[in-house]
Amino acid sequence: MCGIVGYIGERQAQSILLNCLHRLEYRGYDSCGIAVGSDVEVYKDVVRVKVLEKTSPSLTGVIGIGHTRWATHGEPSQVNAHPHCDCTGKIAVVHNGVINNFQKLRQQLTSEGHNFISETDTEVIPHLIEKYYDGDLEKAVETALREVDGSYAIIVLMAGEPKLVAARKDSPLIIGVGDRENFIASDVPAILNYTSRVIYLEDDDIGVVTTESIKVRRDGAEVNRKEHKILWSVKDAQKAGYEHFMLKEIHEQPKVIRDTISGYVSMAEPIADLALLGDAGLEDMLILACGTSYHAALIGKYIIEELIRIPVRAELASEFNYWGQTSARSRTIVITQSGETADALKAMKRLKGEGCRVVAITNVVGSTASRIADQIVYTRAGPEISVAATKSFIAQLMALYWLTLPYSKIDIRRLDSLVTGLRQLPSKVQQVLDNEAVISECAKQLSKYQDVFFISRGINFPVALEGALKLKEISYIHAEGYAAGELKHGPFALLGSDTPVVAIVAQDNTYEAMLTNIKEIKARRSPVIAVVEEGDEEVGELVDSVISVPQVDAIFSPVINTVVMQLLAYYTAKQRGCPIDFPRNLAKSVTVE
Ligand code: BG6
């Protein structure tokens, strides 16, 4: 997810572009760039916008485009930063999205004499436009985009052309209507300082924007798009109207699941060659991580053990660094959202030093982890602003399912049903989000207590750990995640009317045992909030509150139940008036040991 912007009018474009880019950095901030004027002068670098503002030379012109990047193809570098140009340097393009068939297009264009300088997917677009340009820029853009497979929001600037051409497909793009000037941007926050009159482009629309006019074309014909008046403040707009980044990121998860899965080509092409990690067959596996990513590692253990049927160790990287044993026969996966967590990086360096090969699952292209790893599996959660990890965790689970399924030792019908189940997860998660009000009511109860237990069994035990961590992180309530079968070996002593228990009860081989545990807890007067599958009446009779979730294959239940845990923590913290996005004493990525 990147941020793109365009300006055409009577004012100097450079400062306006940089100002707008500032407001789009929540979409990506690993590098940025601008192209200004009828000579298309380009300046870009691996810096934040506030630095580019100081280092960029004065570029003259009342027309321009800009970009702030969240790398997907090609790590952050000056040459991979946007805008990207054609061979003549006269056509500049900024892009947000992913071009799936860029390799094929690149080979084709290279064979036709085009010279590519970056590793990005985007660079094929200006070259395609150059190929089809015969005096009509919007026609050349239309023709070029017919060859592109993937998602895009683009803005095109061409030397000598007093217009900007914009297009979108599966990536957001808006036009800001001004007085003798107009703006184009990925999102409303960018332009709210200049206008609150906005036109939303739809998929497959092409916008042709000049100082005087805005035309929208579709399939070669002009179409009418309604103008809207925006009432939000800039800050609100960055959160897309949500009160906190965390709630926005929780609601982005159906899209994050789709994006992450669509990034992995097909089940036939494993996203990481686990066999490559060692000369012997798949015998055992080690997964290392910290914080929320460690809970993903624990769930990964259950997924891999169930589907590939080999022993898996999931360990805390910080502990592994001082105690962990490796064997050359182990395959190692390190999970780290930021790719910069010191404990995770230290473990990777140690493993490499001992001749082990490492797969990294990370959300940040070009991060240190992606440089150290032998193979990288990128999640596509986009930038996660809220300190408490939510969408990145769900994206990590998607990567673990997709990583494992090609190696699974299950029959083809089960494999097919799991692939179908995976593709249905976005709508199932949406159902949980639609049930938010019920979860918020339960949170009101929870917000009154100072000590809470989260319990479950099997593949949902790590979800109980994650539920407790989320509550600790943002609501400052002391919470413990516990394997339900362990509660009677000590923590029972803490139970009572002041210590509620959140029980995750999945429809799997642990169901009966969970019922027994809940009866034992109720016998000790603790209030119980149970998360159960739709249609489960039995648990409801035993507990104080019930949160129903849609039915999914047991192996996918952690995805569904985690979203409930995220919302429960969010609404509890909200009830307690906590600073949800930036809780005290925490950081998004801890780069020191
Ligand atoms: C902490 C974050 O600093 O690091 C957590 O607050 C995160 O949200 C943990 O889970 C691990 O980070 P990463 O980037 O290695 O997954």
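Me: How far is an oxygen atom of the ligand from an N or O atom in the side chain of serine 338?
Reply: This is a predicted model. A polar contact needs a pair of N or O atoms within 3.5 Å. The side chain of serine 338 meets that with an oxygen atom of the ligand, at 2.6 Å.

Me: What share of the ligand's exposed area does the protein bury?
Reply: Taken alone, the ligand exposes 390 Å². The part of that area buried by the protein is 92%.

Me: Which residue has a backbone N or O atom 3.1 Å from an oxygen atom of the ligand?
Reply: Backbone atoms take part too. A polar backbone atom of threonine 292 is 3.0 Å from a ligand oxygen. The 3.1 Å distance belongs to valine 387.

Me: Which helix gives the most to the shell around the ligand?
Reply: The ligand is surrounded by 14 residues, and Ser293 and Thr336 are among the closest. By class, five are nonpolar, seven polar and two charged. Three residues come from the top contributor, helix α9 (residues 291-307).

Me: Which pocket does the ligand take, by size?
Reply: The ligand has its own space in the protein. Ranked by size, that space is the second largest pocket.

Me: Is arginine 525 buried or exposed?
Reply: Arginine 525 lies in the loop between α17 (511-522) and β24 (528-533). Its phi is positive, about 65°, although it is not a glycine. Exposed means over 50% relative accessible area. Arginine 525 has 66%, so it is exposed.

Me: What is the peptide bond from histidine 82 to proline 83, cis or trans?
Reply: Proline 83 is in the loop between β4 (63-69) and β5 (84-85). Omega for the bond from histidine 82 is near 5°, and the bond is cis.

Conventions
Residues are numbered from 1 along each chain as its sequence is written. This is a predicted model: local features need pLDDT of at least 70, side-chain atom pairs count only at pLDDT 80 or more; totals for chains, interfaces and linings use all residues. Side-chain values use heavy atoms; hydrogens and water are left out. Helices (H or I, at least four residues) and strands (E, at least two) are DSSP runs, numbered from the N terminus. Buried means under 20% relative accessible area, exposed over 50%, partly exposed in between (1.4 Å probe, protein chains only). A residue is near a molecule or strand if one of its heavy atoms lies within 4 Å of it. A polar contact is a pair of N or O atoms within 3.5 Å; within protein, one must be able to donate a hydrogen and the other to accept it, and residues adjacent in sequence count only if both atoms are side-chain atoms. Accessible areas come from the Shrake-Rupley method with a 1.4 Å probe; for residues, only the protein chains shown count as cover. On a 1 Å grid over the protein atoms alone, a cavity is a set of points where a 1.4 Å probe fits but cannot get out, and a pocket is an open set with protein on both sides within 12 Å along at least five of seven lines; lining residues have an atom within 4 Å of a point. A molecule sits in a cavity or pocket if more than half of its atoms lie within 2 Å of its grid points. Ala, Val, Leu, Ile, Met, Phe, Trp, Tyr, Cys and Pro count as nonpolar, Asp, Glu, Lys and Arg as charged, and the others, Gly among them, as polar.
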